[in-house]
Amino acid sequence: LDDDIWARAPSFSGFTQANPDDGEPATEKTVVQFAYDDDAFYVAMVLHYSDPAQIVDDLTRRDRTHAADRFRIEIDTHHDHQSANMFELSAAGVQRDGQVTKNGDSFDVNWDAVWEGQVASHAEGLSAEWRIPYQALRFHAAKRHTWGVNLVRYIQRKHETAYWVRVPRNARGWVSRFGHLEGLEGISPPRALELL
């Protein structure tokens with residue numbers, strides 16, 4: 001994560017467990033940053049590990065849930081508290097995406113978008129970076145945007161799931177509990193055409 005923007009963008013941390021110890025702080029530190037330009041939304045995560053040798057990075061096909069460390073962002077671009085797009089990377093860099101509807105009661109993994117993600121290892125653990133074009137996000141034209149956002153980190157060897165914005169394990173609703181990303185200005189929804 002050596003692009004100039006990551007030296008300037010605000011950083012956030014403070015993930016909370018949902019499993020196994022609901023409501024307790026995550027056992028490993030995660031730092032998140034957001035950025036955007038005229039074409040895409042960017043997310044950076046630095047995933048610290050007390051023992052990087054224990055990272056589980058099994059390789060699999062795209063869109064398969066598997067036994068590996070994973071991290072994802074879910075974005076409610078319509079800010080309707082009901083629907084979101086999910087973009088996940090595994091420790092091996094495998095992509096998984098999907099659409100969440102009905103406030104989390106329905107999940108469609110057959111939805112595929114064109115986006116980029118990369119994972120790199122370093123002395124403290126892993127770094128991950130997403131580049132999500134606006135074609136993959138779909139939002140309405142406006143001068144200023146507010147999006148709902150949550151991030152999830154899963155550590156395979158600990159069976160630990162931690163959220164950036166806490167959602168209690170037995171709580172109803174998912175998207176309606178997201179945090180709010182505000183201040184997105186000067187961006188426009190593109191035509192819904194994707195080429196890869």
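**Packing around Ile 73 and the aromatic cluster**

In this predicted model, Ile 73 touches quite a list of residues beyond its neighbours within four places in sequence: Phe 34, Phe 41, Val 43, Asn 85, Met 86, Phe 87, Trp 130, Ile 132, Val 149, Asn 150 and Leu 151. Ile 73 belongs to the largest nonpolar core, a set of 36 residues, and it is among the members that touch the most others, along with Phe 41, Phe 71, Phe 87 and Trp 130. Strands β3 (30-36), β4 (40-48), β5 (70-76), β6 (84-90), β10 (125-133), β11 (144-155) and β13 (179-185) each give two or more residues to this core. There is also a second, separate core of nine residues, with Ala 18, Val 152, Val 167 and Val 175 among them.

Turning to the rings, a search of the whole structure turns up 11 aromatic pairs. One of them joins Phe 12 and Phe 34, with 6.2 Å between centres and 40° between planes, a tilted arrangement. This pair bridges distant parts of the chain, since Phe 12 sits in strand β1 (residues 11-12) and Phe 34 in strand β3, 22 residues apart. Phe 12 is partly exposed, at 34% relative accessible area, whereas Phe 34 counts as buried at 11%. Phe 34 also pairs with Phe 41: the centres are 5.9 Å apart and the planes meet at 20°, so this pair is stacked. Phe 41 is buried too, with a relative accessible area of just 1%.

Ring pairs extend this into a cluster that takes in Phe 12, Phe 34, Phe 41, Tyr 134, Phe 139, Trp 147 and Trp 164. Elsewhere, Arg 153 lies over the face of Tyr 49, 4.6 Å from the ring centre.

Conventions
Residues numbered from 1 in each chain as written. Predicted model: local features only at pLDDT ≥ 70, side-chain atom pairs only at ≥ 80, totals over all residues. Heavy atoms only, no water. Core = buried A, V, L, I, M, F, W, Y, C linked by side-chain atoms within 4.5 Å. Buried < 20%, exposed > 50% of the residue type's maximum accessible area, 1.4 Å probe, protein only. Helix = DSSP H or I, 4+ residues; strand = E, 2+ residues; numbered from the N terminus. Contact = heavy atoms within 4.5 Å. Phe/Tyr/Trp six-rings, centres within 6.5 Å; stacked < 30°, edge-to-face > 60°. Lys NZ or Arg CZ within 6 Å of the ring centre and 35° of its normal.
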